[in-house]
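Got the viewer open? Load the model, colour it by secondary structure and follow along.

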Amino acid sequence: NITMEAYRRIGDKLGRNPINVHHHWIQVLEPLLTRYQTGTLGHVDVRKVLLDHLVENNMKYTQDVDWKKLAKLPKFAGTTSTYLRHKLNSMKGSTREMFPKLSPAELTVEAIQRWCNNSQKRDTTKTDDYQEELIAFYNEIIDQERGKGSE
């Protein structure tokens, strides 16, 4: 586990708020590296699998989901409960933008799934390049650490 002191030091070096550094770690970096380590990065659209699972299991709202249990399912290998919850909340926000007249009660997983099925997919080249750079950097660090151990 990373301490808040570590986030503060990283934030100071980057000129960022430590809370934002922490959020970026748990919502982006940690899930990216975890999916890479398990070999699931880029092989499946987690959003679709998540929505299908929630609909099939009659989980209409965020509060219906046991996120820790969900993240342990084989179909979500390499994800974290925070990552999955963040994905659903992000899609929920996009659904709300597309269908602003939906009441909170109508903003169900089925409505989010309709948005997902009908939304135009964006170009992910920039994100893919960013992920490749992060993975390359991660592998450099791992290789350096292994080299230190064999000296």
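Start with the whole chain: read along the sequence, the pattern is α-α-α-α-α-α-α, which comes to 7 helices and 0 strands. Helices here are DSSP runs of H or I with at least four residues, strands are E runs of at least two, and both are numbered from the N terminus.

A quick word on ground rules. This is a predicted model, so local features need pLDDT of at least 70 and side-chain atom pairs count only at pLDDT 80 or more, while totals for chains, interfaces and linings use all residues. Residues are numbered from 1 along each chain as its sequence is written, and side-chain values use heavy atoms, with hydrogens and water left out.

**The overall view**

Zoom out and orient along the principal axes: the C-alpha atoms fill a box of roughly 60 × 30 × 30 Å. Turn on the surface and you are looking at about 10400 Å² of exposed area, 51% of it supplied by carbon and sulfur atoms. Accessible areas come from the Shrake-Rupley method with a 1.4 Å probe, and for residues only the protein chains shown count as cover. Of the 151 residues, 26% count as buried; buried means under 20% relative accessible area, exposed means over 50%, and partly exposed is in between (1.4 Å probe, protein chains only). If you draw contacts (heavy atoms within 4.5 Å), residues 24 or more positions apart account for 60% of those with a separation of 6 or more.

**Stop 1: L70 in α4**

Select L70, which is found in helix α4. Buried or exposed? L70 counts as buried, because its relative accessibility is 3%. Now show what surrounds it: not counting residues up to four places away in sequence, L70 touches L50, H53, L54, V65, F76 and L84. For a sense of distance, measure across to C116: the two C-alpha atoms are 20 Å apart in space, and the residues are 46 apart in sequence.

**Stop 2: T80, in a loop**

Move along to T80, in the loop between α4 (67-71) and α5 (81-98). This loop residue counts as buried, at 17% relative accessibility. Which residues does T80 contact, leaving aside neighbours within four places in sequence? Show I26, E30, P31 and A71 as sticks and you have them.

**Stop 3: helix α6**

Next, select residues 109-118, which make up helix α6, and highlight the buried ones: V109, A111, I112, Q113, W115 and C116. What covers them includes α3 (46-56) and α5. Pick out Q113, which sits in α6 and counts as buried at 16% relative accessibility. Leaving out residues up to four places away in sequence, Q113 touches L51, D52 and V55.

**Stop 4: charges and salt bridges**

Colour by charge. There are 23 positive and 20 negative side chains, and the centres of the two sets lie 6 Å apart. Lys and Arg count as positive and Asp and Glu as negative, with His and the chain ends not counted; each charge is placed at NZ of Lys, CZ of Arg, CG of Asp or CD of Glu. Side chains of opposite charge can pair when their charged atoms come close. With a salt bridge taken as a side-chain nitrogen of Lys or Arg within 4 Å of a carboxyl oxygen of Asp or Glu, the count comes to 5.

- Go to E5 and R8, whose side chains meet in a salt bridge at 2.5 Å, N to O. Being 3 residues apart in helix α1 (residues 4-14), E5 and R8 are separated by about one helical turn. E5 is partly exposed at 38%, and R8 is partly exposed at 36%.
- Add D12 to that selection: E5, R8 and D12 are linked in a network of salt bridges.
- Jump to R47 and D45, where the closest N and O atoms of the salt bridge are 3.4 Å apart. R47 is partly exposed at 22%, as is D45 at 35%.
- Then try D143 and R146, a salt bridge at 3.7 Å, N to O. Being 3 residues apart in α7, D143 and R146 are about one helical turn from each other. D143 is partly exposed at 48%, whereas R146 counts as exposed at 58%.

**Last stop: a negative patch**

Finish by selecting D123, D128, D129, E132 and E133, which form a negative surface patch. Patches are made of residues with over 30% relative accessible area and no salt bridge, with like charges joined within 9 Å and nonpolar side chains (Val, Leu, Ile, Met, Phe, Trp, Tyr) within 5 Å. Centre on E133, in helix α7 (residues 125-149); with 59% relative accessibility, E133 counts as exposed.
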